[in-house]
Amino acid sequence: MIKEAVVILAIGILCTAGCASIKPVPITGPNGNQGYSMRCSGMGRSLEQCHHTAGTLCNAGYEVVSENTSTVAIPSGESFIASPQTTLTIECR
């Protein structure tokens, strides 16, 4: 019973977070310009979509500050599934 509840909760969280659109978080870039950090993985998200969003946010173009991919473990029954998690941080020119 507890295992099923954990799996259902995990699926609910993934659907809620994973199905969401890309939400840029404003930051100050290394050169003092406006920048953004955004999550580019999960259902309905891709690195290409993050680059498109960056181009929309930065009219004069942008520089990639970092592009990181890590692996997270998602519970699945009695085991785990490895899922990539990619983030993109950019600074506007």
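**Note on the disulfides, core and hairpin of a predicted model**

1. The link of cysteine 40 and cysteine 50 is left-handed, with -110° about the S-S bond. This bond ties together distant parts of the chain, since cysteine 40 lies in the loop between E2 and H2 while cysteine 50 belongs to helix H2, 10 residues apart. Please keep in mind while reading that the model is predicted.

2. The sulfur atoms of cysteine 40 and cysteine 50 are 2.1 Å apart, and the two residues form a disulfide. As a reminder for a newcomer, a disulfide is a covalent bond between the sulfur atoms of two cysteines. Both cysteine 40 and cysteine 50 are buried. Leaving aside residues up to four places away in sequence, cysteine 40 touches Arg45, Ser46, Leu47, Cys50, Thr86, Thr87 and Leu88, so that its bonded partner, cysteine 50, is among the residues on that list.

3. The structure holds 2 disulfides, and the other joins cysteine 58 to cysteine 92, with 1.9 Å from S to S. Here the torsion about the S-S bond is about -55°, and therefore the disulfide of cysteine 58 and cysteine 92 is left-handed. Cysteine 58 sits in the loop between H2 and E3, whereas cysteine 92 is in strand E4, 34 residues apart, and the pair thus links distant parts of the chain. Cysteine 58 and cysteine 92 are both buried. When the bonded cysteines are counted along the chain, the disulfides follow the pattern 1-2, 3-4.

4. Which residues make up the largest nonpolar core? There are 11 in all, namely Ile22, Tyr36, Met38, Cys40, Cys50, Ala54, Cys58, Tyr62, Leu88, Ile90 and Cys92. Strand E2 (34-39), helix H2 (47-57) and E4 are the elements that give two or more residues to this core, and E4 gives the most, with 3 residues. In soluble globular proteins, nonpolar side chains tend to be buried together.

5. Strand E4 also deserves attention for its pairing. Strand E3 (residues 62-76) and strand E4 (residues 79-92) run antiparallel and are joined by 14 bridges. Within this pairing, threonine 71 stands opposite proline 84 in E4. The two strands form a hairpin with 2 residues between them, and glycine 77 in the turn has a positive phi of about 65°.

6. To draw the points together, strand E4 pairs with E3, holds cysteine 92 of one disulfide, and contributes the most residues to the largest nonpolar core.

Definitions and conventions. Residues are numbered from 1 along each chain as its sequence is written. This is a predicted model: local features need pLDDT of at least 70, side-chain atom pairs count only at pLDDT 80 or more; totals for chains, interfaces and linings use all residues. Side-chain values use heavy atoms; hydrogens and water are left out. Two strands pair if DSSP finds at least two bridges between them. Helices (H or I, at least four residues) and strands (E, at least two) are DSSP runs, numbered from the N terminus. A nonpolar core is a set of buried Ala, Val, Leu, Ile, Met, Phe, Trp, Tyr and Cys residues joined through side-chain atoms within 4.5 Å. Buried means under 20% relative accessible area, exposed over 50%, partly exposed in between (1.4 Å probe, protein chains only). Contact means heavy atoms within 4.5 Å. A disulfide is a pair of cysteine sulfur atoms within 2.5 Å.
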